[in-house]
Amino acid sequence: MSQLTLNSQLKALKNLSRPAGIELATLTRYDIPALAALYVVAYDSPETAEVLYEAVDEMRMSFNGEFGKPLDNSYVGAWHEGDLVGAILVTIGTPWDDSDKSPYIVDLMVHPDFRGRGIATALIGEAAKRVGAAGYRDIGLQIDLREAKDAARLYDYLGFEEINV
């Protein structure tokens, strides 16, 4: 089975470090164009107008709650010298399970030129703080091992554990 559901206690993630020169800030609808451009590059999609348009549409859908309800501050961007180089999108509930109202990482992306610098770790730590402040105790995600082996190693390193759903 290549699709895994993982979970971690927030207290284990709250004190993760942030790389120097990286600013973390809440993403808003005004950031959708930069977020869509990051999405295209991070997932190694062709950089065409059509693909970018689809990415903008997907980001709008995400902000509209079509992949789970975002908290007011649960979409976080990592900025370097004014450029968006990473982002994490955390929702309450998921599109695949209407009954579950837990926090989920629905997307985590880092620009290829900035990978391996601790940005994904910092984004997870910041999201854990924010979700914890909203009263939650854990956070989950789904991952496809065929497409995200590096991400799977990161989540394993951070202590996420597989759960049966």
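So, glycine 159: just after helix H4, this residue takes a positive phi of about 95°. Keep in mind that what we have on screen is a predicted model. There's a matching case at H2, where glycine 65 comes just after the helix and has a positive phi of about 85°.

Okay, staying with H4, which covers residues 149–157. Which residues of H4 are buried? Those are Ala152, Leu154 and Tyr155. They sit on the same side of H4, because the arc they cover around the axis is only 160°. If you rotate the view to the face turned away from that side, you get the exposed residues: Lys149, Asp150, Arg153, Asp156 and Tyr157. As for what the buried residues pack against, that's strand S1 (3–9), strand S5 (103–110), helix H3 (119–133) and strand S6 (138–144).

Now the sheet. Seven strands make it up, it's open, and the order goes S2-S3-S4-S5-S6-S1-S7 with mixed pairing. At the edges stand S2 (23–26) and S7 (161–163); each has a single partner strand, so one side of each has no neighbour in the sheet. From one strand to the next, the twist averages 35°.

Quick reminder for anyone building a contact map: strands of a sheet pair through backbone hydrogen bonds, either parallel or antiparallel. Both kinds turn up here. S5 and S6 are a parallel pair, held over two bridges, with tyrosine 104 opposite glycine 140 in S6. And this is where H4 comes back in: H4 packs on the sheet, touching S1, S5 and S6, and its direction makes about 155° with that of S6.

Over at the other end of the strand order, things run antiparallel. S2 and S3 are joined that way by four bridges, and alanine 25 stands opposite glycine 77 in S3. That glycine 77 is also opposite alanine 87 in S4. S3 and S4 pair antiparallel too, over eight bridges.

So what connects S3 and S4? They form a hairpin with two residues between them, and glutamate 81 in the turn has a positive phi of about 50°. Glutamate 81 isn't a glycine, so have a look at that one if you like Ramachandran plots. Is glutamate 81 buried or exposed? It's exposed, with a relative accessible area of 72%.

Aspartate 44 is another of these. Phi is positive there, about 50°, and again the residue is not a glycine. You'll find aspartate 44 in the loop between H1 and H2, and at 70% relative accessibility it counts as exposed.

Following that loop takes us to H2, residues 49–63. That's 15 residues reaching 21 Å from the first C-alpha to the last, close to the 21 Å expected at 1.5 Å a residue. The buried ones in H2 are Val51, Ala55, Val56, Met59, Ser62 and Phe63. Why do we talk about one side here? Because they cover an arc of only 140° around the axis, which puts them on the same side of H2. Their packing partners are helix H1 (32–42), strand S3 (69–80) and strand S4 (83–92). On the face turned away, you've got Ala49, Glu50 and Tyr53, which are exposed.

Last bit: the cores. The largest nonpolar core has 31 residues, and the ones with the most contacts inside it are Ile88, Ile105, Leu108, Ile124, Tyr155 and Phe160. Elements giving two or more residues to this core are S1, S3, S4, S5, H3, S6 and H4. Which of them gives the most? That would be H3, with eight residues.

If you want one residue to click on, try leucine 108. Leaving aside neighbours within four places in sequence, leucine 108 is in contact with Tyr43, Ala87, Ile88, Ala120, Leu123, Ile124, Leu154 and Tyr155. Leu154 and Tyr155 you'll remember from the buried side of H4.

Then there's a second, separate core of 19 residues, which includes Leu38, Tyr75, Trp79 and Ala87. Ala87 we've already met, as the residue in S4 opposite glycine 77.

Terms used. Residues are numbered from 1 along each chain as its sequence is written. This is a predicted model: local features need pLDDT of at least 70, side-chain atom pairs count only at pLDDT 80 or more; totals for chains, interfaces and linings use all residues. Side-chain values use heavy atoms; hydrogens and water are left out. The expected span of a helix is 1.5 Å times one less than its number of residues. Buried means under 20% relative accessible area, exposed over 50%, partly exposed in between (1.4 Å probe, protein chains only). The arc is that of the directions from the helix axis to the C-beta atoms. Contact means heavy atoms within 4.5 Å. Two strands pair if DSSP finds at least two bridges between them. Axes are lines fitted to C-alpha atoms, for helices over the stretch in contact, and angles run from 0 to 180 degrees between N-to-C directions. A nonpolar core is a set of buried Ala, Val, Leu, Ile, Met, Phe, Trp, Tyr and Cys residues joined through side-chain atoms within 4.5 Å.
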